[in-house]
Amino acid sequence: MTPDEFAYAADLIRARTGFVLTRDKGYIIENRLSPVVRRHRLKDVGELIGLVRGGAADLAAELLDAMMTKDTGFFRDWKPFAHLRDETLRDLARARVANKKLRILCAGVSTGQEAYSVALTVQESGWFPSGWTIEILGIDLSLAALTVAERGRYTQFEVQRGLPVNVLVDHFTKHLDLWVLDESVRRMVEFKAWNLLDDLAPLGAFDVVLCRNVLAYFDLSSKAAVLGKLRRLMTDDGRMYLGATETTAGVAEGFRAVDAGLAVFARA
């Protein structure tokens, strides 16, 4: 891949996804695009980029999908989920007792483990008896990842990444070599293809927003723009969870830390 080819790919990825790749990260593009090259029997990544530059929209979509980070797991960094269960959901259950409705957004949901972890947390929290409407929306750019998410079927390796054994036994059924999540949990979650760089207003308002380990790949201006849009989606008493190393401080205004150590924020 020549410097010109890298520059074109990096600019395309940044414009469409907000992800920033510097020249020393060229190997990431090579590694992630190699399966696309092999699938289409192309000579190399340079040929793939050339076809995309020439207007091959389908290949452009595959290129962008291949570049999406799909490293996820159930109950990743488990402490925020304990906070969600013991504090945020408790407070919201008390505040929403009249209308009995709760909406949760999981951004950058990938193959669905985080959204389903949230659903399991809500279901097992004990704060929401029958009669409540719980809506959990998972959004991601990758159609391939969302297809996996909608199926709710995971390998032994995937369920071993953060999923407690008792939760696995209680909520999954083994089918051949896959673990299938109970339909009652799958029904709690809806998945949509959505770009965080696009207008988020059509998604509606949310009581809880999770955007964990996503913004680390964005440049500062894109982080600020996304955080601003997420803030406008949040209810006045809503909560936002970022990744453990992420913060709103020095990036976007209008937030206050609820628990800075766990990267939990509210509207200021």
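This is a short tour of the structure, moving from the whole chain to its domains and then to one helix.

Begin with the whole chain in view, and keep in mind that this is a predicted model. If you colour by secondary structure, you can look for eleven helices and ten strands. The radius of gyration of the chain is 20 Å, close to the 18 Å that the globule rule gives for 268 residues, so the chain is as compact as a globular protein of that length. Turn the C-alpha trace along its principal axes, and you will find that it spans about 60 × 50 × 30 Å.

Next, switch on the surface, where the chain exposes about 12,900 Å², with carbon and sulfur atoms supplying 51% of that area. Of the 268 residues, 49% count as buried. If you then select the charged side chains, you will have 35 positive and 35 negative ones, and the centres of the two sets lie 2 Å apart.

Now colour residues 3-67 as domain 1 and residues 79-267 as domain 2, which is how the chain is divided. The centres of these two domains, taken over C-alpha atoms, are separated by 29 Å. Where they meet, eight residues of domain 1 are in contact with eleven residues of domain 2.

Finally, select helix 4, which covers residues 57-67, and show its buried residues, among them Leu-59, Ala-60, Leu-63 and Leu-64. Which helices do the buried residues of helix 4 pack against? Select helix 1 (3-17), helix 2 (26-39), helix 3 (45-53) and helix 7 (143-151) in turn, since these are the partners of those buried residues.

How values were computed
Residues numbered from 1 in each chain as written. Predicted model: local features only at pLDDT ≥ 70, side-chain atom pairs only at ≥ 80, totals over all residues. Heavy atoms only, no water. Helix = DSSP H or I, 4+ residues; strand = E, 2+ residues; numbered from the N terminus. Rg over C-alpha atoms; globule rule 2.2 N^0.38 Å. Buried < 20%, exposed > 50% of the residue type's maximum accessible area, 1.4 Å probe, protein only. Areas by Shrake-Rupley, 256 points an atom, 1.4 Å probe, with all protein chains shown as cover. Lys, Arg positive; Asp, Glu negative; His and termini not counted. Charge placed at Lys NZ, Arg CZ, Asp CG, Glu CD. Contact = heavy atoms within 4.5 Å. Domains from an automatic or database assignment.
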